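The following exercises are to be worked with the sequence and the model at hand. Each task is followed by a solution in steps.

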Amino acid sequence: MSANYSVDIPAGAELCVHGGPYHAAAQDNMVDLFARRLSLPTRAICMTDVLSPSQVRTFSGCEVRWFYEHLLGLPDPPTATMALHNAIRTALMTNFQYKVESKADIQTEGVVGLFRRAWKQQLASTNFCEDEVPQAIGKTGEALVRIYMHEVAPQIRPAAVERPLRGVLGGVRIRAQVDLMDEDGTIIDVRTADAAPARVDPMQRFEWTTCSRLAEAPSGVVRSDILVTGNTPQLITEKWEVSAADVQWTDALYPLAQEAMRRGYYMPNRNSIHCSRHHCPYWRRCEQDFGGVVEP
Ligand code: SF4
């Protein structure tokens, strides 16, 4: 086997990702090996002391993607899907920030204008695949913003927008952010997807249970408003309540994820549903480092 990352790691080597004492020489761990090869400063020390739910979701989907992003701090240029989501989110959250004070939405075409401006900014850094047409994606984004503003926004009475949260779950310090919470305590998750989901994603559930547990006066109800791209842009809504099983899920996963992150060995997960050239910004680097082929 001659993978590019191969390195002799002594038995019993303990990595420096937790910031505590370590027994092996610094060059013996995967973090420093990659950082040195890529001429990057190691960001490993203490990086896993405070976790975010999105970080754990990334780690659960693909450890190497998390390693590139959080331990090596490699640039994370958005894919078209991520850029579209960022631009839509920027436009809608600006509307809800305004609505907290004014109690009224910005006119729909005004929010579409906010989307256009945000999309233009995203274009400068986005990595498009060969089969993606930025102009067409932008038009889809405009259609989705109009759908959201017509069908959903008028019923939302925002109490909190992009509010930072902190706390301890399962003995692990957590930093999170609730994007949108209604006055009735419902946490609203606005996101973009390529296709209608068949079920509530367990890691999305993990993420929003975390927010519900750390937020002030949550009702325990979470609603996902999913803006689906594709030939016919549409909005799908999923509503669910945080259960005792969800609470157990978060209490169990945080300490496990923290220990696994400190392990220092990270597996690429080519079976992840998010492992594709359209969804992972690191696919070229991942092919170089580990071989194999990342499918479009
Ligand atoms: S290309 Fe796939 S395996 Fe590689 S980092 Fe991205 S998600 Fe992980």
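**Exercise 1: Two residues with positive phi**

Ala217 counts as exposed because it has 10 C-beta neighbours inside 10 Å; a residue is exposed if 12 or fewer other C-beta atoms lie within 10 Å of its own, buried if 20 or more do, and partly exposed in between, with C-beta atoms placed from the backbone. The model is a predicted one, in which local features need pLDDT of at least 70 and side-chain atom pairs count only at pLDDT 80 or more, while totals for chains, interfaces and linings use all residues. Residues are numbered from 1 along each chain as its sequence is written.

Task. Locate Ala217 and Lys103, and state what phi each of them takes.

Solution. Step 1: Ala217 belongs to the loop between α7 (202-214) and β5 (221-228); helices (H or I, at least four residues) and strands (E, at least two) are DSSP runs, numbered from the N terminus. Its phi is near 50 degrees, a positive value in a residue other than glycine. Step 2: Lys103 is found in the loop between α4 and α5 (108-123). Lys103 is likewise not a glycine, yet has a positive phi of about 65 degrees. With 9 C-beta neighbours inside 10 Å, Lys103 counts as exposed. Step 3: For reference, most residues other than glycine have a negative phi.

**Exercise 2: Strand pairing**

Task. Determine which strands pair with β3 (residues 172-182), and in which sense, parallel or antiparallel.

Solution. Step 1: Strands pair if DSSP finds at least two bridges between them. Step 2: Strand β1 (residues 50-51) runs parallel to β3 and is joined to it by two bridges, with Leu51 opposite Ile174. Step 3: Strand β2 (residues 158-169) runs antiparallel to β3, through 10 bridges. Ile174 of β3 is also the bridge partner of Gly167. The hairpin of β2 and β3 has two residues between the strands, and Gly170 in the turn has a positive phi of about 60 degrees. Step 4: Strand β4 (residues 187-193) pairs with β3 in the antiparallel sense over two bridges, and Met181 has Ile187 as its bridge partner in β4. Four residues lie between the strands of this hairpin, where Gly185 takes a positive phi near 90 degrees. Step 5: The pairing continues from β4 to β5, in the parallel sense over seven bridges; here Val190 stands opposite Asp225 in β5.

**Exercise 3: The largest nonpolar core**

Task. Identify the residues of the largest nonpolar core that touch the most other members.

Solution. Step 1: A nonpolar core is a set of buried Ala, Val, Leu, Ile, Met, Phe, Trp, Tyr and Cys residues joined through C-beta atoms within 7 Å. Step 2: The largest has 65 residues, and Ile88, Ala91, Phe115 and Val145 touch the most other members. Step 3: Helix α4 (residues 80-102) gives the most to this core, namely eight residues. Step 4: Domain 1 (1-42) and domain 2 (80-250) each contribute at least three residues to this core; the domain bounds come from an automatic or database domain assignment. Step 5: Not counting residues up to four places away in sequence, Phe115 touches Ala87, Ile88, Ala91, Gly141, Glu142 and Val145, where contact means C-beta atoms, placed from the backbone, within 7 Å.

**Exercise 4: Phe59 and the ligand shell**

Task. Describe the setting of Phe59, then the shell around the ligand.

Solution. Step 1: Phe59 lies in helix α2 (residues 53-61) and is buried because 24 other C-beta atoms lie within 10 Å. Step 2: Apart from residues up to four places away in sequence, Phe59 touches Trp66, Ala257 and Met261. Its C-alpha atom is separated by 9.3 Å from that of Tyr266, 207 residues apart along the chain. Step 3: The ligand is surrounded by 14 residues, the closest being Cys62, Pro268, Cys275, Cys280 and Cys286; a residue is near the ligand if its C-beta atom, placed from the backbone, lies within 6 Å of it. Step 4: α3 (63-71) and α9 (283-290) each supply at least two residues of this shell.

Technical notes
Two residues are in contact if their C-beta atoms, placed from the backbone, lie within 7 Å.
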